[in-house]
Protein chains: 4
Amino acid sequence: MKYQFFNDYSEGAHPKILERLAASNRKQMTGYGEDEISLQAQALIQEAIGNPAAAVHFVSGGTQANLLCLASMLRPHESVIAAASGHIHVHEAGAVEATGHKIETIASEDGKLDPRKLVALLSTPRDEHMTKPKVVFVSHASEVGTLYSKAELEALRAYCLQHGLYLYLDGARIGSALTARDSDLSLAEIAALTDMFYIGGTKNGALLGEAIVITNPALQPEFRWHIKQRGALLAKGRVIGAQFLELFADELFFELAQHANHMAEQLANGLQEQGFGFLTPPQSNQIFPILPDVLIEQLQQEYGFYVWAPAGDGMSAIRLVTSWATEEQAVHAFLEDMRGLA
Amino acid sequence: MKYQFFNDYSEGAHPKILERLAASNRKQMTGYGEDEISLQAQALIQEAIGNPAAAVHFVSGGTQANLLCLASMLRPHESVIAAASGHIHVHEAGAVEATGHKIETIASEDGKLDPRKLVALLSTPRDEHMTKPKVVFVSHASEVGTLYSKAELEALRAYCLQHGLYLYLDGARIGSALTARDSDLSLAEIAALTDMFYIGGTKNGALLGEAIVITNPALQPEFRWHIKQRGALLAKGRVIGAQFLELFADELFFELAQHANHMAEQLANGLQEQGFGFLTPPQSNQIFPILPDVLIEQLQQEYGFYVWAPAGDGMSAIRLVTSWATEEQAVHAFLEDMRGLA
Amino acid sequence: MKYQFFNDYSEGAHPKILERLAASNRKQMTGYGEDEISLQAQALIQEAIGNPAAAVHFVSGGTQANLLCLASMLRPHESVIAAASGHIHVHEAGAVEATGHKIETIASEDGKLDPRKLVALLSTPRDEHMTKPKVVFVSHASEVGTLYSKAELEALRAYCLQHGLYLYLDGARIGSALTARDSDLSLAEIAALTDMFYIGGTKNGALLGEAIVITNPALQPEFRWHIKQRGALLAKGRVIGAQFLELFADELFFELAQHANHMAEQLANGLQEQGFGFLTPPQSNQIFPILPDVLIEQLQQEYGFYVWAPAGDGMSAIRLVTSWATEEQAVHAFLEDMRGLA
Amino acid sequence: MKYQFFNDYSEGAHPKILERLAASNRKQMTGYGEDEISLQAQALIQEAIGNPAAAVHFVSGGTQANLLCLASMLRPHESVIAAASGHIHVHEAGAVEATGHKIETIASEDGKLDPRKLVALLSTPRDEHMTKPKVVFVSHASEVGTLYSKAELEALRAYCLQHGLYLYLDGARIGSALTARDSDLSLAEIAALTDMFYIGGTKNGALLGEAIVITNPALQPEFRWHIKQRGALLAKGRVIGAQFLELFADELFFELAQHANHMAEQLANGLQEQGFGFLTPPQSNQIFPILPDVLIEQLQQEYGFYVWAPAGDGMSAIRLVTSWATEEQAVHAFLEDMRGLA
């Protein structure tokens, strides 16, 4: 096997992050995320979003972040709206339902939601025989690699505000989204346009860790209770705090994401040059080229990646994911080998 | 502040663990705990308990381990029996109840359960108006630092088997328990005497991480579903795998615990020499001396520790916890300062 | 308003049922459904399905029956498969999700499931990132009035047995289904082809009450615990027992359903004669004729019914429901008035 | 068996209630509790409590009322405080925990709570490692037959208001409580002193049914969603509406309770005359005389009742319950037979 494009969590952490972890390793600190390092990291994130009143909490993974954030926002009869491709619906083993809440799905080819799609779902009047939608869940970048534009996110936000809905954003790949060539959204703007979101560390160079950001003051109180109750409060909270401290101390978070994007872009360009199309427009560090099944089988001898969906006519979409650690020469080798096989 | 005896998670990880994490950092591996490192670590633990058929899973914390293990064992109407001092009852923010299950508590001064206490709870015949107890939860070492002897654990196990109950052991501090001077139980014996338990890493030198061990074959299938559903499946599973690999590669796990015990023993001996008694017999790395409130206040100027419970006559029990990282000179300084104050 | 065809629970109970309730009213009996009357009613139902080993339990409503039956069958990570039109998905306010389980839906124009549809859902291999489907939920008659044939139910059952799935049948309108002209299924056959189902009383002449029937012995133990835990165990259980005793003492259950079907058939025939089509073939006591919107508005002046769905070209499907109490002259009046308006 | 004093739900309904059910039986009405009869009954209850802004909802049983009311009031990390003898803790099969919430118990010999007991529980500062108590649950009459005085309920209420706690009252036997000789509380006062409570019908002459009353406006919105989600919304809501209409149209509710109390009082007086003491002071329709075990066994030949708890010295407390239907001659027979046996 020459190289794996399976995902962006195949490697460990960026070396600087390991160094930061080691730096204050022996020092005694307060537990459960109230240590000095976590507090500094929280302050850096508040600064990065330009909102000192935002609450910031660190947890270890994306499913954990989603289940505890959503459950904290909902009364028992309330539900979440998500694209049918949404991670919470497809790949979290029923984690949201296990907290007691229905996910109401909307079909969406590009993995995104917009007010028009919400109207279609919400036009039927709701009564007590149905659930009451309360949170709109979006992923940025989406599960199929696409991005929201600023105008799109503003439109969603306006719709949510008008209809008493919270807007929650899953930012497992927000680094890649923010540094994408097509992006016109800043971290501060995303914070301003949502009620709660999380900044993904695991898929952007951290060992583990996501930073939950709560800008809506009504949703901040007693959030640590929810973290604890779901088993997400780490005794040595600094483990994640130190990583986000390193990621946001300079621009490491953005640099790592940019590298991943750059690698994905080279892949996408190379594939386009070879005449291949894509399931969704390549925008972030996940791209979905459509290749002949025969070629896919040959590539799988040497490269790791997922076959995403059949595309008809003996073709399938595959998923190629790059990371902060993807080597340029692996990208070149992949494209060259394809040329040789085609 | 000279030193903190607040708990055993005030420091980071043992340096060897950090080195192990760094060693294979850049290598691409399978995600979600199915990487080569995690597999090796699982094999070492199977070996340590002498049971190659046991299932071993790594999760990030104790509350998480407890809630997902217990929920995986129970049907909706079934409940857990625990000492009233049990961590799941007192300090997990209702995590078990949030999965839908009642905890039935038994008062216990020494933090332990025994068949006699279970008989008292279970002698009332149960019908559908009550819950049906199905799991007995014990902590070893207990929340008040006490230990089960082999005979005690065997008696509990025999009772459980007779009454169709599972026996689950919270091993957050199992390292300290196993290496305690009073201990006559091995890790293999604990594995053989329980249906499911976990080996605590966080409180014994790891950055984070607990190893869940399932010896009852009926409880093994589809356990990874439960892990995922509760948000406990780390994308970079090797983060915990590597730590347990280091802990169990040689005897590091036991050496670290032994050090903590040794420090606690020195504290206990010194306190005894000064004429103080204890809330519970000092056996592991948590000890509960009973001191005059005046002295406690003075000590708090220089040392960190929790005041546990009033003991009458102007005295209180405090909790002193030592760890793999506790420095001998801190112990001596504490005892000396006490002598000075008394 | 001349008459309501809104639903089959607009009236109270058949007079014989009220008489039966009154008959033994004063007599002291055991509580919680273990009275002599409930026991007799259970025996009658066991007889009606030809299975003395079946467990029979009475609860007060359909949503209650569904949520408690399904939750009793599932481990935390398991899910239910249902048609997208399934009552549990659309009209039970998230009751199943509130017990912690996802419903996986399949689009179905006729409101029914079949092995081919299940294959499409289940062909993707499942791992721990997804839920594990365990129960197939069907409604008979379906929410759009359609019926399973014996061959169809046998095919579903065979598929479920092959794939380790339970088959659960919501029989809120099973009376109408069984006595429909197109029906080739008996109550005994339904019992034999499912693991658990319920016989709807509320929509077939009872004041309230559904009879849950569990034929799979593995699902019978401790079911009363589940009933109690969900708040569904009535202190005066005889209230429902007496009603089912009356319904199954002679053939009242079937006679009432037959009357409802007869009324629906007259409506359907009359509408067909007037040239109207239907959303789904009229088979049971719910029919869905497609009428011009103008006509619908006029009819609504005098008759109560729900407008179900737009059908294009200025037409909509409406829902007409008949019951044990529907008066033949109301049916005639409705058809005549239509003729006058057309 | 001459007579049963097992409970107050051994008989059916008061004949007037059955008549009321039959009276409008055939009339077509709106479903799900929005029928004219239920609306009238709600208005009568609003009048009885002197609060036209109160929300009134009818459900079928007490466990159902408790689980849905409490779950509607709580966020995930919040808990309920109850006496250890509280019905929700002891006899509801973990129904409250199944909605995700812990019950925190307080030992109480008389089955009641007071501010002093709450202070003891709440004096430990709470952080995110514990649950956050939010509702105080009391039963009136309590599970051991005792009553709150007006001063006691006012003190509880004041404490709750000061500490941000809701006060919820389980009124399964509120009829007996209100009409007890010792009672100085009116229904209106109870309504004014609680946030939510329910008026028990099942144990006071109805076939089934409890009336939930919500006086706190913040807890009223979308309550019907909760009812539906827990399977508690009856299609033919009038079944319960009609019963409460009859109970509150004149004074039937109070008359029935008074009769039960009167019968209990005669029993208590007779037992006292024979020299027997009581576990708790006999105040309502449940009394707990302490009798010699030998006598108990003889009485059980002819009378049905529960043996409640051993009382030492070869004595036990038994529970005798009277109802609206208890016959005076049964009371006399019981006392006379006792005299004969003693």
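**Exercise 1. Determine how many residues of chain C are in contact with chain B, and characterise that side of chain C.**

Solution. In this predicted model, 14 residues of chain C are in contact with 16 residues of chain B. The next step is to assign the chain C side to secondary structure. Two elements of chain C each give two or more residues to it, namely α3 (62-73) and α10 (223-229). Of these, α10(C) supplies the largest share, with five residues. The final step is a division by class: the side of chain C that touches chain B has three nonpolar, six polar and five charged residues.

**Exercise 2. Carry out the corresponding analysis for the side of chain B that touches chain A.**

Solution. Begin with the count: 38 residues of chain B are in contact with 38 residues of chain A. Then list the contributing elements. On chain B, two or more residues come from each of α1 (15-23), α3 (62-73), α5 (95-98) and α10 (223-229). Finally, sort the residues of this side by class, which gives 18 nonpolar, 15 polar and five charged.

**Exercise 3. State which rotation superposes chain B on chain A, and identify the relation that it represents.**

Solution. First, take the operation itself: chain B is superposed on chain A by a rotation of 180 degrees, with 0.0 Å of shift along the axis and an RMSD of 0.0 Å. Such an operation is therefore the relation of a two-fold axis. Next, compare the contact residues of the two copies. The same surface serves both, since 100% of the contact residues of chain B recur in chain A.

**Exercise 4. Decide whether strand β3 of chain C is mostly covered or mostly open, and examine its two faces.**

Solution. Strand β3(C) spans residues 78-83, and six of its six residues are buried, which makes the strand mostly covered. To separate the faces, recall that side chains in a regular strand alternate between the two faces of the sheet. One side of β3(C) carries C:E78, C:V80 and C:A82, all buried. The other carries C:S79, C:I81 and C:A83, also all buried. Both faces are thus covered.

**Exercise 5. Identify the strands with which β3(C) pairs, and give a bridge partner in each.**

Solution. Consider β5 (residues 132-139) of chain C first. This strand runs parallel to β3(C), and four bridges join the two. Within this pairing, C:S79 has C:P133 as its bridge partner. Turn then to β4 (residues 103-106) of chain C, which pairs with β3(C) in the parallel sense over four bridges. Here the bridge partner of C:I81 is C:E104.

Notes:
Residues numbered from 1 in each chain as written. Chains lettered and ligands numbered in written order. Predicted model: local features only at pLDDT ≥ 70, side-chain atom pairs only at ≥ 80, totals over all residues. Contact = placed C-beta atoms within 7 Å. Nonpolar A, V, L, I, M, F, W, Y, C, P; charged D, E, K, R; others polar. Least-squares fit on C-alpha atoms with pLDDT ≥ 70 in both. Buried ≥ 20, exposed ≤ 12 C-beta atoms within 10 Å, placed from the backbone. Pairing = 2+ DSSP bridges.
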